[in-house]
Each structure stands twice: as structure tokens, then as C-alpha cells.
Amino acid sequence: MKKSVIFLTLVLAILFSCQQQKSPSIKSIVQPEPQQPKIISYKIENAKKWLLKHKTDSNQLRIAFAVNRTDRSNFAKMDSVLMPTDLTGDIVDYLPFPLTVPYLQRINKVIIFSYRTQTFATYEKGLLMYTGPTNMGRKKDLTPTGLFYTNWKAEETISTFNDEWKLRWNFNIANKEGIGWHQYSLPGYPASHSCLRLQEKDAQYLYNWADEWVLTNKDSVVVKGTPVIVFGSYNFNGPKPWLQLISNPHAMDITKDEIEKEVTPFINEILVVQKERETFMLTENKN
């Protein structure tokens, strides 16, 4: 009998030991922190020569266009362009927004446009989800800064400034002023009539990602859409600011502290509007 008990004890000990070895450590099941973007160096190259060498690599083309805040048709018209010496990274390695912003963790969704860097980013609960270039309002038609919300959208609409301009993937953020983002030509500097121009791929992404407002039958706003923050200013009298990357790879960086500073004046309103939307959607789902 004693031998049987001893044998059983040994078996249980071995099984317990094996089970402990198979159990993952806490460290292995926690989602790892996002890797930090590469530190990239830059130089000036001839646009046409570069395009001929890399015209079949879609990832490299996307990076080149984004770095120069432009699109394919305008890139081909440029004499010289800013070019990273390393094109093996992801788009986030070449644009200035941080991968995480802890201050935004309470916000389900937010879109941020930077006038200084002519770029935008989307965040979900503080995590960078998407980023790309933009061309915002020119000097005499500045894009207004501050807090906005996405309103109505249309796959294609006509500009209120010129009825010959067709705007693809248009999403309005200031209804009375007719301001929003949409696909349109990106010459590589602020050139719009107050709107936020985007590459078509980026405009379509935001079109599908952001939420529309909800209206009553009398066109009163029941709940607002996704918060949009536009901040900063652009030096129209100097060279393109991203050319500073040649001498300083961090010249265009947007820091977490900078984003916190810009969002802080609006955080309470954003959270109230967010709660109103969550409550409305919960009620709708129940009905």
C-alpha cells in the first residue's frame, strides 16, 4: 500500500512539473509594446530618375509620396524630391506621429491633422491606426484649427468653390463652412481652399473609418460623429519644413506631450459626446 502511495505521489509530482513548464509566463502572454520607428536619414534626389528606378515597388512609392506630401502625378512633375536613404520600413517610420499616446486611451476614435507637418493620423484608444500626408488650406484660405466632428459624407460631390471640381470620398467636418477632407491633387504644400486634401487611398480609408453624425427627421443633430482635431501653423514664407529632415531626422516629430497639450482643452467635451453616442447606439441596438 505504501509503495502505491509513493508511486502515485511521484507521478503527480512529475505531471505538475510538466504542467508548470508548459504554462506560459506572464511576460509571454502580455501584448508587446510597439517597436519604436526607425531613425531614417534623408537626401535630395532627382524625381524622374528615382521614379524610373522604383516605379514597380508600391511600398517604396507610397513612402516617397508621403515624405514629399504629394501624389504620383505631382511627384512626377517635381525636379527634386526628399528621399529616405532606407525605404524598407513601414509608413509610420517616415511620418511624424507617435505610435502610442497614453493620454488618448479614453477616446475610442480621434483623427488629428497637423498643419506644421502636413500629415494626419487616426488613433483608437491611444494606438496609432493609420497615418498619411495631407495638403491643407493655402495662405489666404487657411484650414481652421480646433475641434470638429465628422458630419455627412459622399463618395463624390461637387466643390462649393468651383462647380467643375469633383471631390471623391468627401467627409464634411464644418457643415456651414463646407470644410472637410477629400481626395484631390496634392502639389506638396498647402494649396486648398480650406479643405484637407488627401491621396485617394487615404481619403477612402477615412471615409470608411470615421462615423457620420445622426440626425432627426427635422435635421437636428442627435449625436455627433468622430472627433477631429486640427492644430498648428505652417510657415508659408520659408522652404518646405520637411526638408529640415536632411540635417535633423527628428525635425518633424510630433511628441506625445504635444498631442496631449492640443487635446487637453477638448478632452471633456470629446468624452461627453462619446458617451452620448455610445448610449444612443446601445438604445438603437436594443430596438
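User: What phi does R69 take, just after α4?

Analyst: In this predicted model, R69 sits just after α4 and has a positive phi of about 55°.

User: And what makes D57 a cap for the N-terminal end of α4?

Analyst: A side-chain oxygen of D57 lies 3.2 Å from the backbone nitrogen of N59. A polar contact needs a pair of N or O atoms within 3.5 Å, and this pair, at 3.2 Å, fits.

User: Why is helix α4 called largely enclosed?

Analyst: Count the buried residues: α4 covers residues 58-67, and 7 of its 10 residues are buried, so the rest of the structure largely encloses the helix. Buried here means under 20% relative accessible area. The residues that pass are Q60, L61, I63, A64, F65, A66 and V67.

User: Which elements do those buried residues pack against?

Analyst: Their partners are β1 (42-46), α3 (47-54), α5 (72-75), β2 (80-84) and β5.

User: β5 belongs to a sheet, I see. In what order do its strands come?

Analyst: The order is β5-β4-β3-β13-β6, an open sheet of 5 strands with mixed pairing.

User: Why are β5 and β6 described as standing at the edges?

Analyst: Each has a single partner strand, so one side of β5 (127-133) and one side of β6 (146-149) are left without a neighbour in the sheet. As for the twist, neighbouring strands are turned by 20° against each other on average, direction ignored.

User: How do you know that β4 and β5 really pair?

Analyst: Pairing takes at least two bridges. β4 (residues 119-124) and β5 have 6 bridges, in the antiparallel sense, so they pass that cut-off. One bridge partner to look up is L127 in β5, which goes with E124.

User: What packs on the sheet there?

Analyst: Helix α6 (residues 200-209) does, touching β3 (110-114), β4 and β5. The direction of α6 makes about 30° with that of β4.

User: What makes the pairing of the sheet "mixed"?

Analyst: Look at β3. With β4, β3 runs antiparallel, joined by 5 bridges; with β13 (residues 227-231), β3 runs parallel, joined by 4 bridges. S114 shows both pairings: its bridge partner in β4 is T119, and in β13 it's F231.

User: How many residues lie between β3 and β4 in their hairpin?

Analyst: There are 4, and Q118 in that turn has a positive phi of about 55°.

User: How do you know that both faces of β3 are covered?

Analyst: V110, I112 and S114 are buried on one side, and I111 and F113 on the other. That fits the count for the strand: 5 of its 5 residues are buried.

Key: Residues numbered from 1 in each chain as written. Predicted model: local features only at pLDDT ≥ 70, side-chain atom pairs only at ≥ 80, totals over all residues. Heavy atoms only, no water. Helix = DSSP H or I, 4+ residues; strand = E, 2+ residues; numbered from the N terminus. Axes fitted to C-alpha atoms, helices over the stretch in contact; angles between N-to-C directions. Contact = heavy atoms within 4.5 Å. Buried < 20%, exposed > 50% of the residue type's maximum accessible area, 1.4 Å probe, protein only. Polar contact = N/O pair within 3.5 Å; in protein donor to acceptor, adjacent residues only side chain to side chain.
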